[in-house]
Amino acid sequence: MAQASPSRNRPLSPHLQIWRWGPGMLSSILHRVSGVGATVGIFVALWWLGALVSGADAYAIFAKHASAWYGVVVLVGVSWAVIAHTITGIRHFVLDIGAGYELTRNNFWATVCTLLGFVLTAAFWAALLLR
Amino acid sequence: MGNGTSIGRVRGLGSAKAGSHHWLIIRYTAIGSLLLTVWFGVSLLLLPNFSYPAVHEWLSRPVPATLAALFVLINIWHARLGIQVVIEDYVHEDANKFASIALLNLVTFAAGAFGLFCVIRLALGGA
């Protein structure tokens, strides 16, 4: 009986623990992680927007949570997610046109994009705090 | 689902036929998201501060309000497509997968409606 059912224990492709870690793999995993993180960021932005519409009192409540230590952790995390996802997303555009698959070039840009996510996040907060 | 003929055994096991469309829309929305996210990031840096009057004044202006509406919608759309891929990768049970996608659709429309309502209300001076 041909049936696509998980109960048939069809073979799975080798997963994370099988492969030797490489820059491309790390970049790909972080792209997914940061994509989910950026989705969390949408709801933070919606709360911000909702508080703005609800008036100064509601805005003060949002600002209180956003400036508390846990709020700062979330905001830094979300800003990294958005920036890193944008950078690795641009990497995906390049890969989508079929470029950048040679081993050394792929490793190089995967490393650069991963690092750039952290560097630009730090730069964003530096610009924000030092203005 | 037949088990008699060869075609009956394989029917329904191929691709869902909607994959390439999904793949393309993720890229198209990513282009819009890229432009609007750069606008949003630069705007945050250009705001004098994040006080209620400063942010309110900014988002009440026509062009920022328009871009904010697009920013909310394109990112919710793009996120909905991306989260669908994550769900399909990790939720294998058919019933759970269906429930997850259904919930995702509800949250998507609720978030989009809320975001759009907020931006319009702000821009038209209701709040």
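I take two residues to be in contact if their C-beta atoms, placed from the backbone, lie within 7 Å.

**Ground rules.** I am reading a predicted model, in which local features need pLDDT of at least 70 and side-chain atom pairs count only at pLDDT 80 or more, while totals for chains, interfaces and linings use all residues. I number residues from 1 along each chain as its sequence is written, with chains lettered from A and ligands numbered from 1 in the order in which they are written.

**Confidence.** I noted that the predictor gives the complex an ipTM of 0.87 and a pTM of 0.88. For chain B I found an average pLDDT (the predictor's confidence in each residue, from 0 to 100) of 92, with 95% of the residues scoring at least 70.

**Chain B overall.** Taking helices (H or I, at least four residues) and strands (E, at least two) as DSSP runs numbered from the N terminus, I count five helices and zero strands in chain B, in the order α-α-α-α-α along the sequence. The C-alpha atoms fill a box of roughly 70 × 25 × 25 Å along the principal axes. I compared the radius of gyration, taken over C-alpha atoms, with the globule rule of 2.2 Å times the number of residues to the power 0.38: chain B has 21 Å, where a compact globule of 127 residues would have a value near 14 Å. I call a residue buried if 20 or more other C-beta atoms lie within 10 Å of its own, exposed if 12 or fewer, and partly exposed in between, with C-beta atoms placed from the backbone; on that basis buried residues make up 17% of the 127 residues in chain B. Of the contacts in chain B with a separation of 6 or more, 64% are between residues 24 or more positions apart.

**Side of chain B that touches chain A.** Here 31 residues of chain B are in contact with 27 residues of chain A. On the chain B side, α1 (6-10), α2 (19-46), α3, α4 and α5 each give two or more residues, and α5(B) supplies the largest share, seven residues. I sorted this side by class, with Ala, Val, Leu, Ile, Met, Phe, Trp, Tyr, Cys and Pro as nonpolar, Asp, Glu, Lys and Arg as charged, and the others, Gly among them, as polar, and obtained 19 nonpolar, eight polar and four charged residues.

**Helix α5(B).** This helix has 30 residues and reaches 43 Å from its first C-alpha to its last, close to the 44 Å expected at 1.5 Å a residue, the expected span being 1.5 Å times one less than the number of residues. I find A111(B), G115(B), C118(B), V119(B) and L122(B) buried in α5(B), and the buried residues of this helix pack against α1 of chain A together with α3 and α4 of chain B. Just after the helix, G125(B) takes a positive phi of about 80 degrees.

**L34(B).** I located this residue in helix α2 of chain B; L34(B) counts as partly exposed because it has 16 C-beta neighbours inside 10 Å. Leaving aside neighbours within four places in sequence, L34(B) is in contact with T86(A) and G89(A).
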